[in-house]
Amino acid sequence: MAETAPRGTRIDHIGIAVSDLDGLFPFYRDVLGLTEIPLDDADGARIAGLAAGESKVELLEAMTPDSPIGKFVAKRGPGIHHVCFAVDDLEGTLARAKAAGIRLIDEVPRLGAEGKRIAFLHPASTAGVLIELSEH
Ligand code: ZN
């Protein structure tokens, strides 16, 4: 029962686009003391996950220049790529975003990593921050 109880919106992970994943990983693990979580590669990116309490940091390195992360780094350089909020009600949150005039990248949820349902909001509507929504 506890798993289905509403938990409230929280930061699930912060996705950081990097150009040298292997070089940067030890900073997060050894200096900041985060714990590695194995994550599958996705969307043409190598992904290294690290636990920061209930939240995660995902380091994203493009495997090809024409992948989403490759294009992002080419245009803007390495940096924060997206923030993911886990919400209790993904459809409801999408409906509220749409009603509030927020531009949606995904009108309906799609399957993301680890089989979770996710949806993205367009950064043009959110002060330049690509926002990912996922279900708990
Ligand atoms: Zn993400």
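**Entry 1: helix H3 and its surroundings**

I began at the residue that follows helix H3, which is Gly101, and noted that its phi is positive, near 85 degrees. I record here that the model is a predicted one.

I then turned to the start of H3, where a side-chain oxygen of Asp89 comes to within 3.5 Å of the backbone nitrogen of Glu91. Which residues of helix H3 (residues 90–99) are buried? I listed Leu90, Gly92, Thr93, Leu94 and Ala97. I also looked up what covers these buried residues, and the cover includes strand S5 (79–87), strand S7 (117–121) and S8.

**Entry 2: the zinc ion**

Strand S8 led me to the metal site. Which protein donors does the zinc ion have? I found His13 and His82, each through NE2, and Glu132 through OE, at 2.0 to 2.1 Å from the ion. Along the chain, I wrote the spacing of these donors as H-x68-H-x49-E. His13 belongs to strand S1 (residues 10–18) and Glu132 to strand S8 (residues 130–135), so this pair ties together parts that are 119 residues apart in sequence. I checked the burial of these two donors and found that both His13 and Glu132 are buried.

**Entry 3: Glu61**

I next examined Glu61, which I located in strand S4 (residues 55–62). Is Glu61 buried or exposed? Its relative accessible area is 15%; because buried means under 20%, I entered Glu61 as buried. I followed its side chain and found that it reaches the backbone nitrogen of Leu21 at 2.9 Å. Leaving aside residues up to four places away in sequence, I noted that Glu61 touches Val18, Ser19, Asp20, Leu21, Gly44, Ala45, Arg46 and Ile69.

**Entry 4: Ala74**

For Ala74, I found a place in helix H2 (residues 68–76). Its relative accessible area is 71%, and I therefore recorded Ala74 as exposed. I also looked up its separation from Ala45, one of the residues that Glu61 touches. The C-alpha atoms of Ala74 and Ala45 are separated by 14 Å, and the two residues lie 29 residues apart along the chain.

**Entry 5: aromatic rings**

How many aromatic pairs does the structure hold? I counted 1. In this pair, the ring centres of Phe27 and Tyr28 are 5.1 Å apart and the planes stand at 80 degrees, so I classed the pair as edge-to-face. I then compared the exposure of the two residues. Phe27 has 37% relative accessibility and counts as partly exposed, whereas Tyr28, at 12%, counts as buried.

**Entry 6: the chain as a whole**

I closed with the overall description. The secondary structure comes to 3 helices and 8 strands, and I read their order from the N terminus as β-α-β-β-β-α-β-α-β-β-β. The chain has a radius of gyration of 15 Å; a compact globule of 136 residues would have one near 14 Å, so I entered the two as agreeing. I noted a span of about 40 × 35 × 25 Å for the C-alpha trace along its principal axes.

Of the 136 residues in the chain, 38% are buried. The chain exposes about 7800 Å², of which carbon and sulfur atoms supply 57%. Finally, I considered contacts between residues at least 6 apart in sequence, and 51% of these join residues at least 24 apart.

Terms used:
Residues are numbered from 1 along each chain as its sequence is written. This is a predicted model: local features need pLDDT of at least 70, side-chain atom pairs count only at pLDDT 80 or more; totals for chains, interfaces and linings use all residues. Side-chain values use heavy atoms; hydrogens and water are left out. Donors are N, O and S atoms within 2.8 Å of the metal (3.2 Å for Na, K and Ca); water is not among the atoms, so sites may look incomplete. Helices (H or I, at least four residues) and strands (E, at least two) are DSSP runs, numbered from the N terminus. Buried means under 20% relative accessible area, exposed over 50%, partly exposed in between (1.4 Å probe, protein chains only). Contact means heavy atoms within 4.5 Å. A polar contact is a pair of N or O atoms within 3.5 Å; within protein, one must be able to donate a hydrogen and the other to accept it, and residues adjacent in sequence count only if both atoms are side-chain atoms. The radius of gyration is taken over C-alpha atoms; the globule rule is 2.2 Å times the number of residues to the power 0.38. Accessible areas come from the Shrake-Rupley method with a 1.4 Å probe; for residues, only the protein chains shown count as cover. Rings of Phe, Tyr and Trp (its six-membered ring) pair if their centres lie within 6.5 Å; planes under 30 degrees apart count as stacked, over 60 as edge-to-face and the rest as tilted.
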